[in-house]
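Me: I am new to this structure and would like to go through it step by step. Please show the sequence and the model before the questions begin.

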Amino acid sequence: MSQNEVKSARRVLDILRFFAEEKAPASLARISQALDFPKSSCLSLLETLTAEGYAYQVDGRYYLTGRWLRDAQAVSDHDRLAARCRPTLERLHQEIRETMILAKLAKNSVVYLDVIEADRVLRFSAHIGQHKPVHASASGRALLSALPDEQQARIARALKYERHTPATPASAKALLQTIAEGTKRGWQVNLGEYQSDTISIAAPARLDGEVVAFVLGAPMSRIGDKVDQLGAALARAAADLTAHSRS
């Protein structure tokens, strides 16, 4: 794929996110200015989306059609990995009443496949499709912990160790040591290493050869003294799902 094709794909996604935030029809000038696209390129993309049934014009302004929702629903309905994990995610959410996440590796980052946010004013916010750095997330460590040591080390060496807080691991050696400690416990924990006031706890599960992680995210002030209890609960749930997938 050429760089121009990659840029066009990203711009289509930018247009989708623009309307998700705008929530109203917008003119070509408004869209191109908001996204910092050349008008000619923006017009070409909007005309293509219109021709394919993903956008329409009303009073000279553009808006997206429900085809996005229809196609997204079809994709979601056949996401077998997320569907198989959803009951476990829901059960953990009901028991713990904090934000629960299903995560998977996506090259050198973590992507969220499913999210159930806590129904509280003060909560750990997350959304489906969100990416997090492997080295600064419990989910990343849990996912790496399920891989062979050689593969763990190879991925760890390839990461960029951006510091998000003073507690963020600063090297592959530090990350691998933290993973090893979490593996002995049975779950991984992130104590303010991505955001200083949050905790995330994660445990890996394996389904048909695919590794996923169940992740709990919460304010540090609320669960700081329950980490071991909650980590053990996640580890049990992940182990049960793994066992049932083999039977």
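Me: Is the crossing of H2 and H3 left-handed or right-handed?
Reply: In this predicted model, the axes of helix H2 (residues 28-35) and H3 come within 9 Å. They cross at roughly 115 degrees. The crossing of these two helices is right-handed.

Me: Which residues of H3 make the contact with H2?
Reply: From H2, the contact involves Leu28, Ala29, Ile31 and Ser32. On the side of H3, the residues are Lys39, Cys42, Leu43 and Leu46.

Me: Is serine 32 buried or exposed?
Reply: Serine 32 is found in helix H2. Leaving aside neighbours within four places in sequence, serine 32 is in contact with Phe37, Lys39 and Cys42. Its relative accessibility is 5%, and the limit for this class is under 20%, so serine 32 counts as buried.

Me: The charged end of which residue sits over the ring of phenylalanine 37?
Reply: The distance from the ring centre of phenylalanine 37 to this charged end is 4.9 Å. The charge belongs to arginine 11.

Me: Which class describes the ring pair of tyrosine 54 and tryptophan 68?
Reply: Tyrosine 54 lies in the loop between helix H3 (39-51) and strand S1 (55-58), and tryptophan 68 lies in helix H4 (residues 67-77), so the pair links parts of the chain 14 residues apart. The ring centres are 5.1 Å apart. The planes stand at 65 degrees, and an angle over 60 is required for this class, so the pair is edge-to-face.

Me: Which class of exposure applies to tryptophan 68?
Reply: Its partner, tyrosine 54, has a relative accessible area of 18% and is buried. Tryptophan 68 has a relative accessible area of 21%, while buried means under 20% and exposed over 50%. Tryptophan 68 is therefore partly exposed.

Me: Which residues do ring pairs link into a cluster?
Reply: The count of aromatic pairs comes to four. One of them joins tyrosine 56 and tyrosine 63, edge-to-face, with 6.4 Å centre to centre and 85 degrees between the planes. Tyrosine 56 counts as partly exposed at 36% relative accessibility, and tyrosine 63 also counts as partly exposed, at 24%. The cluster consists of Phe18, Phe19, Tyr56 and Tyr63.

Me: Which element gives the most residues to the largest nonpolar core?
Reply: The largest nonpolar core has 28 residues, and those with the most contacts inside it are Ile201, Phe214, Leu216 and Leu234. Two or more residues come from each of helix H5 (80-96), strand S3 (99-106), strand S7 (198-207), strand S8 (210-219) and helix H10 (227-246). With seven residues, the element that gives the most is H10.

Me: How many residues does the other core have?
Reply: This core lies apart from the largest one. Among its residues are Val110, Tyr112, Ala142 and Ile155. The number of residues in this core is 24.

Me: How many of the residues of helix H6 are buried?
Reply: Helix H6 (residues 138-145) is mostly covered. Its buried residues include Ala138, Arg141 and Ser145. The count is eight of its eight residues.

Me: What value is phi of lysine 107 near?
Reply: Lysine 107 lies in the loop between S3 and strand S4 (109-116). With a relative accessible area of 78%, lysine 107 is exposed. Its phi is positive, in a residue other than glycine, and is near 60 degrees.

Notes: Residues numbered from 1 in each chain as written. Predicted model: local features only at pLDDT ≥ 70, side-chain atom pairs only at ≥ 80, totals over all residues. Heavy atoms only, no water. Core = buried A, V, L, I, M, F, W, Y, C linked by side-chain atoms within 4.5 Å. Buried < 20%, exposed > 50% of the residue type's maximum accessible area, 1.4 Å probe, protein only. Helix = DSSP H or I, 4+ residues; strand = E, 2+ residues; numbered from the N terminus. Phe/Tyr/Trp six-rings, centres within 6.5 Å; stacked < 30°, edge-to-face > 60°. Lys NZ or Arg CZ within 6 Å of the ring centre and 35° of its normal. Axes fitted to C-alpha atoms, helices over the stretch in contact; angles between N-to-C directions. Left-handed = near helix turned anticlockwise from the far one by under 90°. Contact = heavy atoms within 4.5 Å.
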